[in-house]
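Here are a few exercises to work through with the model open in your viewer. Try each one yourself before you read the solution.

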Number of protein chains: 2
Amino acid sequence: MNDKTLVRDEDMEWLELGGGIKRKVMAHDEKMMIVKVAFEKGGIGASHSHPHTQASYVDSGKFEITIGDRRMELKGGDVYFVPSDVLHGAVCLESGVLIDVFSPRREDF
Amino acid sequence: MNDKTLVRDEDMEWLELGGGIKRKVMAHDEKMMIVKVAFEKGGIGASHSHPHTQASYVDSGKFEITIGDRRMELKGGDVYFVPSDVLHGAVCLESGVLIDVFSPRREDF
């Protein structure tokens, strides 16, 4: 077990991704990864898929989320869930933060 | 893929667990589960372990979190990460909400 099990937000640095999006990888091991993603209004997470299962929590803001052929406007307190290999994307309608959890770990982050 | 991929908070019911704690299972498949847990001040998640890996996001409130031999006070915006089979527990210092993600799914919830 490493010592990265208790993680204060202010101890982690944002990585700017461009397009009004930035992220912090908060914690991970090979089985799981938890990531904070901040969007400015109009920021777009383009439609994509990956073999990882993903559970996401809308911490704040408002987002139009598309998963497969379903689309919904979600706000702070809501959740979305992406099974393995299903196309999904996000459009930020009001600036806010998503908490994305992946299993297994994303090796591309 | 089931239709439980886009989940509004207000559509899900709390399950009262007693001791000032209630939870909502927000979404899951066999690989992953995302659960919202609300604590009143003084609520205690007794120390326990499970083979599932767990990533948790502190949505709000203040909690004393213990993982293995480490202990820290965490607040809204912070994260904790529990590797498989590591003892962990929580004491709620100010009422709030945790978002717990498990992989694989908890079959006991």
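**Exercise 1.** Is Leu15(A) buried, partly exposed or exposed, and how many other C-beta atoms lie within 10 Å?

*Solution.* Keep in mind that this is a predicted model.
- Start with the place: Leu15(A) sits in strand 2 (residues 15-18) of chain A.
- Next, the count: there are 13 other C-beta atoms within 10 Å of Leu15(A).
- Now the cut-offs: 20 or more would make a residue buried, and 12 or fewer would make it exposed. Leu15(A) therefore comes out as partly exposed.
- Finally, look at the company: not counting residues up to four places away in sequence, Leu15(A) touches Lys22(A), Arg23(A) and Lys24(A). Val25(A) is 10 residues along in sequence, with 8.8 Å between its C-alpha and that of Leu15(A).

**Exercise 2.** Work out what secondary structure chain A comes to, and how its radius of gyration squares with the globule rule.

*Solution.*
- Count the elements: chain A has zero helices and nine strands.
- Then check the overall dimensions. The radius of gyration is 13 Å, close to the 13 Å that the globule rule gives for 109 residues, so chain A is as compact as a globular protein of that length.
- For a feel of the outline, the C-alpha atoms fill a box of roughly 40 × 30 × 25 Å along the principal axes.
- As for the interior, 40% of the 109 residues in chain A are buried.
- Last, ask how far apart in sequence the contacting residues are. Of the contacts in chain A between residues at least 6 apart, 60% join residues at least 24 apart.

**Exercise 3.** Find out how chain B is related to chain A, and describe the side of chain B that touches chain A.

*Solution.*
- Superpose the copies: a rotation of 180° with 0.0 Å of shift along its axis puts chain B on chain A, at an RMSD of 0.0 Å. The two copies are thus related as by a two-fold rotation axis.
- Compare the surfaces: 100% of the contact residues of chain B recur in chain A, so the same surface serves both copies.
- Count the contact: 35 residues of chain B meet 35 residues of chain A.
- Ask which element gives the most on the chain B side: that's strand 6 of chain B, with six residues.
- Sort that side by type: 21 residues are nonpolar, five are polar and nine are charged.

**Exercise 4.** Follow strand 8 of chain A: which strands does it pair with, and where do its residues point?

*Solution.*
- Within the chain, strand 8 runs antiparallel to strand 6 (residues 53-67) of chain A, and four bridges join them. In this pairing, Gln54(A) stands opposite Val82(A).
- Across the chains, strand 8 (residues 79-82) of chain A pairs with strand 1 of chain B in the antiparallel sense, over two bridges. Here Tyr80(A) has Leu6(B) as its bridge partner, and Val79(A) stands opposite Val7(B).
- Now the directions. In a regular strand the side chains alternate between the two faces of the sheet. In strand 8 of chain A, Val79(A) and Phe81(A) point one way, Tyr80(A) and Val82(A) point the other way, and all are buried.
- Put it in the wider picture: the largest nonpolar core has 56 residues, and Tyr80(A), Tyr80(B), Ile34(A) and Ile34(B) are those with the most contacts inside it.
- Check the other copy: Tyr80(B) touches residues of both chains, including Leu6(A) and Val7(A) as well as Ile65(B) and Leu74(B).

**Exercise 5.** Look for unusual backbone geometry: what are the phi values of Asp85(A) and Asp85(B), and which peptide bonds before Pro104 are cis?

*Solution.*
- Begin with the background: most residues other than glycine have a negative phi, and most peptide bonds are trans.
- Asp85(A) isn't a glycine, yet its phi is positive at about 65°; for Asp85(B) phi is about 70°.
- Asp85(A) lies in the loop between strand 8 and strand 9 of chain A. With 11 C-beta neighbours inside 10 Å, Asp85(A) counts as exposed.
- The bond from Ser103(A) to Pro104(A) is cis, with omega near -5°, and Pro104(A) falls in the segment after strand 9 (88-103) of chain A.
- In chain B, a cis peptide bond joins Ser103(B) and Pro104(B), with omega about -10°.

Key: Residues numbered from 1 in each chain as written. Chains lettered and ligands numbered in written order. Predicted model: local features only at pLDDT ≥ 70, side-chain atom pairs only at ≥ 80, totals over all residues. Rg over C-alpha atoms; globule rule 2.2 N^0.38 Å. Contact = placed C-beta atoms within 7 Å. Nonpolar A, V, L, I, M, F, W, Y, C, P; charged D, E, K, R; others polar. Pairing = 2+ DSSP bridges. Core = buried A, V, L, I, M, F, W, Y, C linked by C-beta atoms within 7 Å. Least-squares fit on C-alpha atoms with pLDDT ≥ 70 in both.
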